[in-house]
Amino acid sequence: MAKPVVLIAEELSPATVEALGPDFDIRSVDGTDRPALLAALADADAILIRSATQVDAEAIAAAKQLKVIARAGVGLDNVDIKSATEAGVMVVNAPTSNIISAAELTVGHILSLARHIPAAHDSLAAGTWKRSKYTGVELYEKTIGIIGLGRIGALITARLQAFGMNVVAYDPYVTSARAQQLGVTLLGLDDLLAQSDFITIHMPKTPETTGMIGTEQFARMKPTAFIVNVARGGLIDEDALYAALKSKRIAGAGLDVFVSEPPTSSPLLELENVVLTPHLGASTDEAQEKAGVAVAKSVRLALGGELVPDAVNVAGGVIDPTVRPGIPLMEKLGQVFAGLADSPITSIDVEVRGEIVAFDVSVLKLAALKGIFSNIVSESVSYVNAPLLAEQRGVTVRLVTDATSEEYRNLLTIRGALSDGSQISVSGTLTGTKQIQKIVEINGYDVEVPFAEHLIVMLYTDRPGIVALYGKEFGDANVNIAGMQIARRTAGGQALSVLTVDSIVPEGLLEKVRVAIDAALMREIDIVD
């Protein structure tokens, strides 16, 4: 039999090819040469890429026998994951390959800002000797504020504690026990901004975190403070950053990532109190080799029909076809669960009920964790690192199975406890011959809502006129409500409303709705987007 064809579209380390082994027909193509790429994909079973090759819908359509797309790195901006999933093509990356490199680059930026290293070099290279101009500050006994205490945040913590720095952090999903274990003090974001001498941000980029550091946040910082972003472009509002640096509202900034890359027209390039690098977070020999070897191993697993821990869209391997449709459902339930959590998660029960438990459903626990952490941590989340992320945060996780499901053929539930003592839950099922994914329970309220890209969950006291009130607010903001379902246990008691809307709802609008309902009811309510 012919060997499976593995296409290498960009330069990868020799160790990558070695990790693939002798079982494949390894071919090379210039991934930036579009006609050559499309032609080479015609009989490829797998393709290995880095950041330059665009594997879009057209490329996927040209690859009739493609089974796996492997990105030797973390980011997947150059892969059309939706098209790949629709075509049944697995997408894998190397989620942990660059975490040490990213942490070390962060420390490098902090040192460069503290001691003016790049500017002092440029001055000396220009023939001047200005020692007094480049007087810096020590890190010793200063406070570093880490926004996002994930794996990279923990690595930075250890490195900067060695400098004698006091570490504080903001992360709404990290428990106090985990922070204590790391020797970190948890603070609210406003307090962190006010107390920190240096700030570094390591959050995932979501609609909620985009622009999370802007004019209002810079106003809370010390005028002597520095801020660093090597995580995702857009977490810091670049216009607001420019204004803060230009006016000396803050002392300086270090950026490795930008809203638009390369940032050739950015006014930040004009400033002296900023250190900019061209997205070097993963640009070390070690990170590149780790990434190449990791995805080569994933390709071997995928083409061998085994479970692929680093798959970002589907779990490969020996998973029964009856279980497979539950994987994307469980991931989505995890995302809703994380959205419902308004304090750190301490424990999670992944419950699987019905006929499906006759098969191995352990992958559904991994899918639940992957969904929960996908919008919580800055690093990519996969089936292999999701349990580690839970463990690092002190979250206990159980898989509970029961062959009995009273109302549905199969029922998937994520139930958890939060650090404030509250409990939350969300359940889903697959219905009909088309296996439609539906939410059927939220926090004990029975609903039946098909999944949508944008969901809003509201809890309020059931009173006449409330629906008209928030309907008007969304309408005035030109946000179209595509569907709505209201559940309650008793008339006049608590009502849970689930809305599906056609566009992202700004946080400001949600707050406006919250205030309007609160004013109508004269009591506190909770809204989760």
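**View 1. Strand β6 pairs with strand β7 in this predicted model.** Ile 144 has Val 167 as its bridge partner in β7. That pair belongs to a wider contact: five bridges join β6 to β7. The two strands run parallel. Strand β6 spans residues 143–147, and β7 spans residues 166–170.

**View 2. Strand β6 is covered on both faces.** In a regular strand the side chains alternate between the two faces of the sheet. On one side of β6 sit Thr 143, Gly 145 and Ile 147. On the other side sit Ile 144 and Ile 146. Each of these residues is buried. Because five of the five residues of β6 are buried, the strand is largely enclosed by the rest of the structure.

**View 3. Five acidic residues form a negative patch on the surface.** The members are Glu 18, Glu 104, Asp 285, Glu 286 and Glu 289. Helix α12, residues 285–303, gives the largest share, with three residues. Asp 285 lies in this helix. Its relative accessible area is 67%, so Asp 285 counts as exposed; the cut-off for that is over 50%.

**View 4. Three residues form a nonpolar patch on the surface.** They are Val 467, Met 484 and Ile 486. Together they have about 220 Å² of accessible area. Ile 486 lies in strand β20, which covers residues 481–488. Ile 486 counts as partly exposed because its relative accessibility is 38%. That value falls in between the cut-offs for buried, under 20%, and exposed, over 50%.

Technical notes. Residues are numbered from 1 along each chain as its sequence is written. This is a predicted model: local features need pLDDT of at least 70, side-chain atom pairs count only at pLDDT 80 or more; totals for chains, interfaces and linings use all residues. Side-chain values use heavy atoms; hydrogens and water are left out. Patches are made of residues with over 30% relative accessible area and no salt bridge: like charges are joined within 9 Å, nonpolar side chains (Val, Leu, Ile, Met, Phe, Trp, Tyr) within 5 Å. Accessible areas come from the Shrake-Rupley method with a 1.4 Å probe; for residues, only the protein chains shown count as cover. A salt bridge is a side-chain nitrogen of Lys or Arg within 4 Å of a carboxyl oxygen of Asp or Glu. Helices (H or I, at least four residues) and strands (E, at least two) are DSSP runs, numbered from the N terminus. Buried means under 20% relative accessible area, exposed over 50%, partly exposed in between (1.4 Å probe, protein chains only). Lys and Arg count as positive and Asp and Glu as negative; His and the chain ends are not counted. The place of a charge is taken as NZ of Lys, CZ of Arg, CG of Asp or CD of Glu. Two strands pair if DSSP finds at least two bridges between them.
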